Amino acid sequence: ASHPHPHHLPHSSTAMAQHIVVLQHGINGTPEELANIGNKLAEAFPGRLRIVLSNANLGKTHDGVAQGGARLAHLVQQEPVVPGARISFVCHSLGGIYARYALRVLEEAHYFDEVTPVNFITTASPHLGISEIGSMLRTGIFALGQFWRFASYFTENQWATIMDLAINSDVLTDVLCDDTSLRALTRFEQRVVYGNLDDDQWVRPCSGLLLPALPDAYNVNELDDDSLPPPGVPQALTAAETAPLLESIEEKHLDSFPSGCQEVVKGMLTRLCTLPWERFVVHFPYEGSFTGSAHSKICNHALEDSDDDGVDVVAHICGIFKA
């Protein structure tokens, strides 16, 4: 199979810089949609980063996480390795899951013997899958309408990614939580996840933030407008808030997930949360009915976030990024 050459961000990054920064888009996406993040990182660290807008999965996001992750790993391996090489990943949505699979492939290939991992950052990535009840209830009519509208265009193989994310395969539950996958993640200096508090049509907060439940302070059903976080500004979830939820994952903490999925979600959390994660929740308010647009806003999507609602998230990523 042919593989595309990496697409470097033009003008604003250095083609042979030591620090490779891979940006991977999500389902049905394009490399250009993460250009705002790439440009701002390049501006924040002039001449120090080699920004790679991954086109490894352009037009190929339906054939499974393993296939997409392997393509991304191949793209990374095409990048020249210079002395003192470093690598980071900043990925949106499905891109974060592709990146975790790519890391597994790179770990098995001993890639990190020569390249030092630094930042692993995701925005609204479904680390625990897409089975959260909240998502299905809030967007069920919309999602089913889209599903049947496009179903006639898909072959059986092209449902593989959805099956993986719906934890109807062992990719998320076993493969991406095994010793090899965790060893690759452990190598990074920091692991950071951003998740939407609400109005995300694809990824609900617990999945994006690697939590069984949200801390009480972020229960949108019990907060009035004055108590909600500032619009679009990432809020850190402290260890004091998340530790009680993770120290003993109880069934009551998993009630946003279908009962049939709770045990496997608990297993994923138990494995993944042996590693420290920095978590930031973001609230994009909306008026009237659920829009789902926060999913694009959180990455300041270059094609869909026309009002630049996500600029504070991008600024925050640049602020915590280790060059």
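In this predicted model, Glu33 sits in the loop that connects strand β2 to helix α1. Glu33 is buried but forms no salt bridge. The nearest side chain of opposite charge belongs to Arg71, 14 Å away. That separation lies outside the 4 Å within which a salt bridge is counted. Apart from neighbours within four places in sequence, Glu33 contacts His25, Gly26, His92, Asn300, His301 and Ala302.

The strand that precedes this loop was examined next. Strand β2 spans residues 19-24, and 6 of its 6 residues are buried, so the rest of the structure largely encloses it. In a regular strand, side chains alternate between the two faces of the sheet. Both faces of β2 are covered. His19, Val21 and Leu23 are buried on one side; Ile20, Val22 and Gln24 are buried on the other. Strand β2 pairs with β3 (residues 49-53) in the parallel sense, over 5 bridges. Within β3, Arg50 stands opposite Ile20. Strand β2 also runs parallel to β4 (residues 86-92), joined to it by 6 bridges. Here the bridge partner of Val21 is Ser88. Together, β2, helix α1 (residues 35-44) and β3 make a β-α-β unit, which is right-handed.

Cys299 lies in the loop between α10 (294-297) and α11 (311-320). Its relative accessibility is 1%, so Cys299 counts as buried. Leaving aside neighbours within four places in sequence, Cys299 contacts Leu34, Ile37, His92, Thr123 and Val314. The C-alpha atoms of Cys299 and Thr122 are 9.1 Å apart, although 177 residues separate the two along the chain. His92 appears among the contacts of Glu33 and also among those of Cys299.

Aromatic pairs were then searched for. The whole structure contains 7 of them. Phe89 and Phe188 form an edge-to-face pair, with 6.3 Å between centres and 70° between planes. The pair links distant parts of the chain, 99 residues apart: Phe89 is in strand β4, while Phe188 is in the loop between α6 (179-186) and β6 (190-196). Phe89 and Phe188 are both buried. The ring centres of Phe120 and Trp277 are 6.4 Å apart and their planes meet at 70°, so this pair is edge-to-face. Phe120 belongs to strand β5 (residues 116-123) and Trp277 to the loop between α9 (262-272) and β8 (278-282), so the pair ties together parts 157 residues apart in sequence. Phe120 and Trp277 are both buried. Phe89, Phe120, Phe188 and Trp277 form one aromatic cluster.

The count of salt bridges comes to 10. One of them joins Lys40 to Glu43, with 3.6 Å between the closest N and O atoms. These residues are 3 apart in helix α1, so about one helical turn separates them. Lys40 is partly exposed, at 43% relative accessible area. Glu43 is exposed, at 52%. A second example pairs Glu107 with Arg183, the closest N and O atoms being 2.9 Å apart. Glu107 lies in helix α3 (residues 94-108) and Arg183 in helix α6, so the pair ties together parts 76 residues apart in sequence. Glu107 is buried at 7% relative accessibility, whereas Arg183 is partly exposed at 41%. The side chains of Arg204 and Asp198 also meet in a salt bridge, at 3.6 Å from N to O. Both Arg204 and Asp198 are buried. Elsewhere, Arg104, Glu108 and Asp178 are joined into one network by salt bridges that share partners.

Terms used
Residues are numbered from 1 along each chain as its sequence is written. This is a predicted model: local features need pLDDT of at least 70, side-chain atom pairs count only at pLDDT 80 or more; totals for chains, interfaces and linings use all residues. Side-chain values use heavy atoms; hydrogens and water are left out. Buried means under 20% relative accessible area, exposed over 50%, partly exposed in between (1.4 Å probe, protein chains only). Helices (H or I, at least four residues) and strands (E, at least two) are DSSP runs, numbered from the N terminus. Two strands pair if DSSP finds at least two bridges between them. A crossover is right-handed if, with the strands pointing away from the viewer, the path from the first strand over the helix to the second runs clockwise. Lys and Arg count as positive and Asp and Glu as negative; His and the chain ends are not counted. Contact means heavy atoms within 4.5 Å. Rings of Phe, Tyr and Trp (its six-membered ring) pair if their centres lie within 6.5 Å; planes under 30 degrees apart count as stacked, over 60 as edge-to-face and the rest as tilted.
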